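Please open the structure in your viewer and keep the sequence panel beside it. The tour below suggests what to select at each stop and says what is found there.

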Amino acid sequence: MKQLAEILLSCCVAASLSGCEKAKQDMYDQPKYKPLSRSELFADGNSSRPLPQGSVPYSQGSFAGTSSGRKGTDDVSEDAAAGSAQNNPYPVTMQLLLRGRQRYQIYCMPCHSAVGDGDGLIARRGFPHPPSYHDDRLRQAPDRHFFDVVTNGYGVMYPYADRVDPSDRWAIIAYIRALQLSQHADVSRLPPDVLERLEATKPGGPR
Ligand code: HEC
């Protein structure tokens, strides 16, 4: 009987301790100051302290505000140049397209789909459907429109500025242009050997 009581007691202790553990892991209510919140600790009542004279910022550029600020210590001149360009400032090489495809598949495909028609898996599971990149309006939209959408978000789409740096935004845009071309190419501009292969796939065409 005593043994049973001991087992019950240890269960209770374990249950209450696991409760404590849970409370300790409450990440939403941490004992820390949010920027500019009040503090009794300082005479001016502000938890954010004035910068010592002569301080220089550790982080600069488009990533300075992200959680770690680490990326903000990288050379920012390229980011700045890429960020202010109106059209893709990089030559469209296979390397740029491959990088763009990889970044697109990570950051955009879940909603916009592999072909860019807006029927990605997240949209199929209930997120609002994005418009198709193959709509006339987006086919004709300038590069910079795509850049701004990624940087600032658009309607219900969140901004991706903290995850996709400016040069990668242009790589993604080059890839989106390739996707658009893949669905809307002028057949007469195809190289002769590709045209021949295409003709061969037509029903009744040469085998
Ligand atoms: C979580 C889903 C989601 C992801 C991920 C996403 N988008 Fe979107 N995107 C949307 C939705 C939804 C819209 C339509 C927003 C609206 O009209 O309110 C949209 C709209 C757009 C538009 C059209 C804006 C216009 O003029 O109508 C572009 C361009 C675009 N997204 C580019 C991108 C790129 C590039 C990426 C990857 C870096 C990306 N999106 C990632 C959901 C997403």
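Begin by selecting Cys111, which counts as buried because its relative accessibility is 16%, and bear in mind throughout that this is a predicted model. Add Cys108 to the selection, a residue that is likewise buried, with a relative accessible area of 13%. With both cysteines in view, note that the structure holds zero disulfides.

Next, show the ligand together with the 22 residues around it, of which Cys108, Cys111, His112, His145 and Met157 come nearest. The space that the ligand takes up is the largest pocket. The elements giving two or more residues to the shell around the ligand are helix 4 (109–112), helix 6 (136–140), helix 7 (143–152) and helix 8 (166–183), so you may wish to colour each of these four separately. Helix 7 provides the largest share of that shell, with four residues. If you then colour the shell by class, you will find 18 nonpolar residues, three polar residues and one charged residue.

Which polar side-chain atom lies 2.6 Å from an oxygen atom of the ligand? Select His145, for the atom in question belongs to its side chain. Moving to Arg137, you will find a polar side-chain atom at 2.7 Å from an oxygen atom of the ligand. At Val156 the backbone should be displayed, since there a backbone N or O atom lies 3.0 Å from an oxygen atom of the ligand.

Now zoom out until the whole chain is visible, and switch to a cartoon view. The chain has nine helices and zero strands, and read along the sequence it follows the pattern α-α-α-α-α-α-α-α-α. Of its 207 residues, 27% count as buried.

From this overview, go to the loop between helix 4 and helix 5 (121–124), and select Asp117, which is found there. Is Asp117 buried, partly exposed or exposed? Its relative accessibility is 37%, and Asp117 therefore counts as partly exposed. Add Pro131, whose place is in the loop between helix 5 and helix 6, and which also counts as partly exposed, at 38% relative accessibility. Although Asp117 and Pro131 are 14 residues apart along the chain, their C-alpha atoms are separated by 7.0 Å. Keeping Pro131 selected, add Asp119, which is 12 residues away along the chain, and the separation between the C-alpha atoms of these two residues is 8.9 Å.

The last stops concern the backbone angle phi. Most residues other than glycine have a negative phi. Return to the loop between helix 4 and helix 5, where Ser113 has its place, and look at the backbone of this residue, which has a positive phi of about 80 degrees although it is not a glycine. Ser113 is buried, with a relative accessible area of 9%.

Finally, select Leu36, which has its place in the loop between helix 1 (2–24) and helix 2 (77–84). Here phi is near 65 degrees, again a positive value in a residue other than glycine. Is Leu36 buried or exposed? Leu36 counts as exposed, because its relative accessibility is 65%, and the cut-off for that class is over 50%. You may end the tour by showing Ser113 and Leu36 together, the former buried and the latter exposed.

Definitions and conventions: Residues numbered from 1 in each chain as written. Predicted model: local features only at pLDDT ≥ 70, side-chain atom pairs only at ≥ 80, totals over all residues. Heavy atoms only, no water. Near = heavy atom within 4 Å. Polar contact = N/O pair within 3.5 Å; in protein donor to acceptor, adjacent residues only side chain to side chain. 1 Å grid on protein atoms, 1.4 Å probe; cavity = no way out; pocket = protein on both sides within 12 Å on 5 of 7 lines; lining within 4 Å. Sits in = over half its atoms within 2 Å of the grid points. Nonpolar A, V, L, I, M, F, W, Y, C, P; charged D, E, K, R; others polar. Disulfide = S-S within 2.5 Å. Buried < 20%, exposed > 50% of the residue type's maximum accessible area, 1.4 Å probe, protein only.
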